[in-house]
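Visitor: I'm new to reading structures. Could you walk me through one?

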Amino acid sequence: MGGSAQIKSMKKVSGTLKLDQAQFRELQAFAKFGSDLDPVTLGVIEKGKRNVEILKQAQNDPFKVEDQVSIIYLGSKDLLKSVPVEKVKEFEKKFIELLNLKYKKILNQIKEGKLTDEITSTLEKVASELTASYE
């Protein structure tokens, strides 16, 4: 079942996530050997670390699907690179709270399976405003 049970917006944002995370795990294992890594490889590793954080959920306290789609979108587009890994959960909480406070219409559209340019633009704008406080 897996992917066929997902809403359209989740399919869109999570499309490359599995591949990205496989590449991250492979490079992370390679990096343990202590060799010098080029900037592209380091970027993949850093993105992967943040994606691991956004995929974590507290037991018995799952995220709503529209919140999941929103944060996974940021991770898949590497929009969290200025947020320190140890601050990703804090950022995620603030981001989701802000969306639920000011952008309920956008979240409802995501829940319906939509992921338009207007929606992604709003997610990027909110993320940019919040990530600025981590730079």
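Visitor: What covers the buried residues of α4?

Guide: A good habit is to ask who the neighbours of a helix are. This is a predicted model, and in it the cover over the buried residues of α4 includes α1 (8–14), α2 (17–31), α3 (39–55), α5 (88–102), α6 (104–111) and α7 (117–131).

Visitor: How many residues of α4 are buried?

Guide: Buried means under 20% relative accessible area. By that cut-off, 11 of the 12 residues of α4 are buried, so the helix is mostly covered. Among them are E66, D67, V69, I72 and Y73.

Visitor: I heard that a helix has a repeat. What is it?

Guide: An α-helix has 3.6 residues a turn, so residues three or four places apart point the same way. Now for the case here: α4 runs over residues 65–76 and reaches 16 Å from its first C-alpha to its last, close to the 16 Å expected at 1.5 Å a residue. Right after that, look at what follows: D78 comes after α4, and its phi is positive, near 60°.

Visitor: At what angle do α3 and α4 pack?

Guide: For a pair of helices, check the angle and then the gap between axes. α3 and α4 pack at an angle of about 170°, and their axes are 9 Å apart. Angles over 145 degrees count as roughly antiparallel, which means α3 is roughly antiparallel to α4.

Visitor: Which residues make that contact?

Guide: From α3 you have K47, N51, I54 and L55, and from α4 you have I71, I72, G75 and S76. Sorted by kind, the residues of this contact of α3 with α4 are four nonpolar, three polar and one charged.

Visitor: Is L107 of α6 buried or exposed?

Guide: Go to the relative accessible area. For L107, in helix α6, that value is 1%, so L107 is buried. Setting aside neighbours within four places in sequence, L107 is in contact with E66, D67, S70, L99 and N100. Of these, E66, D67 and S70 are buried residues in α4.

Visitor: And T120, why does T120 count as buried?

Guide: Same reading again: T120 has 12% relative accessibility, so T120 counts as buried. You'll find T120 in helix α7. Leaving out neighbours within four places in sequence, T120 is in contact with Y73 and L115, and Y73 is one of the buried residues of α4.

Visitor: What does the side chain of T120 reach?

Guide: For polar side chains, look for an oxygen or nitrogen partner. The side chain of T120 reaches the backbone oxygen of D117 at 3.1 Å.

Definitions and conventions. Residues numbered from 1 in each chain as written. Predicted model: local features only at pLDDT ≥ 70, side-chain atom pairs only at ≥ 80, totals over all residues. Heavy atoms only, no water. Helix = DSSP H or I, 4+ residues; strand = E, 2+ residues; numbered from the N terminus. Expected span 1.5 Å × (residues − 1). Buried < 20%, exposed > 50% of the residue type's maximum accessible area, 1.4 Å probe, protein only. Contact = heavy atoms within 4.5 Å. Polar contact = N/O pair within 3.5 Å; in protein donor to acceptor, adjacent residues only side chain to side chain. Axes fitted to C-alpha atoms, helices over the stretch in contact; angles between N-to-C directions. Parallel < 35°, antiparallel > 145°, perpendicular 65-115°, else oblique. Nonpolar A, V, L, I, M, F, W, Y, C, P; charged D, E, K, R; others polar.
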